[in-house]
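Please open the model in your viewer and keep the sequence panel beside it, since each stop on this tour begins with a selection.

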Amino acid sequence: MTSRITSKGGEGVLIRRAVARDAKRLTRLVRSSRAYEGPYAPMVAGYRVGPDYIETHEVYVAVGAEDRLLGFYALLLAPPELDLMFVADDAQGLGIGRRLVAHMTGRARAAGLDRVRVVSHPPAEGFYRSVGALRTGTARANPPAVMWDRPELEIPIP
């Protein structure tokens, strides 16, 4: 499934299924995200989005002109969870995240899901709540992989 949308800046944006050759770019986006600076940096320092992950899960990328990577998400179907979602630092504020969530809810609906779990990066909770997610609890820290508690949310799929 692909969809073409236009960002607030007028740049044409395509959301398409990720392919194995996208893996290195997705990994770079995760590791370079300013949202994971400071105390959050260790979580993504060695993170890798591999071709095997892309082939196993529903991973979609938002690309702009000249195939510029603007963001991506990964939807796990069983159990239903938004496993990853990142928007490039220089593309934030253009509505890319909202469009990725809208695309994800469409994919979840097509798969017959009625809700999708999100364990959020703490600073991103407000964004998820703004797109309709409801707080359901807290995922406790799990050192050494995750050193902080994270909001647990659920996105209802209409």
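Which residue in E8 is the bridge partner of Ala139? Select Ala139 together with Arg150, for Arg150 is that partner in E8. Before going further, note that this is a predicted model, in which local features need pLDDT of at least 70 and side-chain atom pairs count only at pLDDT 80 or more, while totals for chains, interfaces and linings use all residues. Residues are numbered from 1 along each chain as its sequence is written, and side-chain values use heavy atoms, with hydrogens and water left out.

Now colour the strands E7 (134-139) and E8 (150-156), where helices (H or I, at least four residues) and strands (E, at least two) are DSSP runs numbered from the N terminus. E7 and E8 run antiparallel and are joined by 5 bridges; two strands count as paired if DSSP finds at least two bridges between them. Add E6 (115-119), which pairs with E8 in the antiparallel sense, again over 5 bridges, and find Arg115 opposite Pro156 in E8. Because 5 of its 7 residues are buried, E8 is largely enclosed by the rest of the structure; buried means under 20% relative accessible area, exposed over 50% and partly exposed in between, with a 1.4 Å probe and protein chains only.

Next, select Tyr36, Tyr40, Phe72, Phe86 and Trp148, which ring pairs link into a cluster. Rings of Phe, Tyr and Trp (its six-membered ring) pair if their centres lie within 6.5 Å, and planes under 30 degrees apart count as stacked, over 60 as edge-to-face and the rest as tilted. The rings of Tyr40 and Trp148 have centres 4.6 Å apart and planes at 80 degrees, so this pair is edge-to-face. Tyr40 lies in the loop between H1 (23-32) and H2 (41-45), whereas Trp148 lies in the loop between E7 and E8, 108 residues apart. Both Tyr40 and Trp148 are buried, and Tyr36, at 13% relative accessibility, counts as buried too.

Finally, stay on Tyr36 and add Met85, His121, Ala124 and Tyr128, which lie nearest the centre of the largest pocket among its 33 lining residues. A pocket here is an open set of points on a 1 Å grid over the protein atoms alone, where a 1.4 Å probe fits, with protein on both sides within 12 Å along at least five of seven lines, and lining residues have an atom within 4 Å of a point. Select E5 (80-87) to end the tour, as E5 gives the most to this lining, with 7 residues.
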